[in-house]
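Biologist: Please take a close look at a single part of this model and tell me how it is placed among its neighbours. A connected account would suit me better than a list.

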Amino acid sequence: MSTLLDQVEETPTPSAAEELSGRLFLQTLDTVELLNVYFGIQLGLYRSLSNDGPATAAELAERTANEIRYTQEWLAQQAVAGLLIADGDEPSTALFSLADGVSETLVDEISPFYVGGMSYIVPAIGRALPSLVAAFRTGDGVPYAAYGPDAVTAQEALNRPAYENSLIDEWLPQVPDIQARLADTTSPARVADLGAGVGWASIRLAEAFPHVRVDGYDLDEESIARGRRYVTERGVAGQVDLEVADITQPLPRDGYDVAFFFECLHDLPHPVAALEAARSSLAPGGSVIVMEEHVAENFTAPGDEVERFMAAAGVLWCVPQGRPDAGSEVVGPLGIRPAMMRRLAERAGFGSVEILPIEHPFWRFYRLDG
């Protein structure tokens with residue numbers, strides 16, 4: 001008669017191959033579920049359930065102008081995945097409602113928990129995938145435009161909650177002299193938002209400091225076009241100007257009291273040139289603030305979840321987008337460590353690089369002076 005210890009010892013230990021195959025299955029599951037989240041956001045399904053209340057498949061299809069059969073299949077999938085609650089035994093007749101937390105994470109774009117932008121990354125990369133495969137052969141870059149409008153949606157959604165909730169109340173207080181300069185009404189400050197995207201940071205700065213002037217620059221025309229609409233909608237058109245411009249070249253204007261790079265320096269083909277342009281655009285006593293990836297200070301393999309995300313994004317998103325230019329020196333998200341940031345700043349002529357005491361799981365903040 002075998003003892004319990006004998007039974008434990010006889011239980012086979014999963015092989016490395018078994019564990020890895022299980023892990024990759026779960027990652028595939030996560031990917032296909034994330035694509036269904038994309039449908040829920042893109043087609044207005046979550047928003048209708050949030051704003052208009054629970055619905056059957058027929059009711060939700062009518063509300064959102066979608067076809068009933070596809071809507072029913074999506075509702076069943078979401079209930080199986082745990083994002084919806086089904087009241088009833090048949091998907092065709094059940095009443096569906098949002099599970100706890102879904103409204104904050106997938107409907108409310110300014111909630112600190114909103115992650116809806118994540119679902120747009122997969123289709124954007126899918127659109128660019130043939131170009132990415134070709135780039136591995138040729139060494140060419142893959143321009144941002146190749147990823148399509150979903151890339152702009154992903155980019156604008158990912159960081160917006162932080163700009164809405166943390167930029168003014170949590171981050172700026174850690175640089176009190178810059179906060180004071182922005183708050184000074186006797187001599188209104190001028191701000192440059194470099195790599196502004198659709199301009200959510202520019203808009204939030206203008207709202208918090210109604211007398212400052214913010215110029216946002218980005219090379220992507222679609223982002224700037226969207227941003228100009230948002231500027232008008234938020235009522236800051238008199239303060240914020242968004243302009244298509246290459247921030248690795250001398251900027252159209254200068255005299256800035258502070259220039260911000262919000263999570264974009266690592267994407268640029270010529271980061272030193274961008275820092276030089278920012279430095280040249282400053283008014284006397286002006287500073288540059290850089291928000292960049294909070295990766296480990298040294299290459300670490302295997303890495304934690306944040307490191308893994310940054311590494312994957314480097315291959316699929318950041319490095320390819322930074323390589324269309326000849327002589328590209330794109331750093332990528334995994335390479336923008338403190339030592340690299342100091343080297344880039346020194347090459348651009350800055351005499352001082354300070355890591356700011358802002359705690360965040362994804363981003364590290366630097367102040368460049370001199």
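Modeller: Two strands are said to pair if DSSP finds at least two bridges between them. The model is predicted, and the part I have chosen is strand E3, residues 190–194.

Start with the pairing. E3 is joined to strand E4, residues 213–218, by five bridges, and these two strands run parallel. One residue pair can be picked out here: Leu194 has Tyr217 of E4 as its bridge partner. To get from E3 to E4 the chain passes through helix H11, residues 200–208, and this β-α-β crossover is right-handed.

E3 also pairs with strand E6: four bridges join them, again in a parallel arrangement. Here Ala192 can serve as a marker, with Ala259 as its bridge partner in E6.

As for burial, the cut-off is a relative accessible area under 20%. Four of the five residues of E3 are buried, so the strand is largely enclosed by the rest of the structure.

Now follow the chain on from E6. Between this strand, residues 256–262, and helix H13, residues 271–281, there is a loop that contains His266. With a relative accessible area of 2%, His266 counts as buried because that value is under 20%. The side chain of His266 makes a polar contact with the side chain of Glu293, at 3.4 Å. Leaving aside residues up to four places away in sequence, His266 touches Glu292 and Glu293, together with Cys318, Val330, Val331, Gly332, Pro333 and Ile336.

Note on methods:
Residues numbered from 1 in each chain as written. Predicted model: local features only at pLDDT ≥ 70, side-chain atom pairs only at ≥ 80, totals over all residues. Heavy atoms only, no water. Buried < 20%, exposed > 50% of the residue type's maximum accessible area, 1.4 Å probe, protein only. Polar contact = N/O pair within 3.5 Å; in protein donor to acceptor, adjacent residues only side chain to side chain. Contact = heavy atoms within 4.5 Å. Right-handed = clockwise from strand over helix to strand, strands pointing away.
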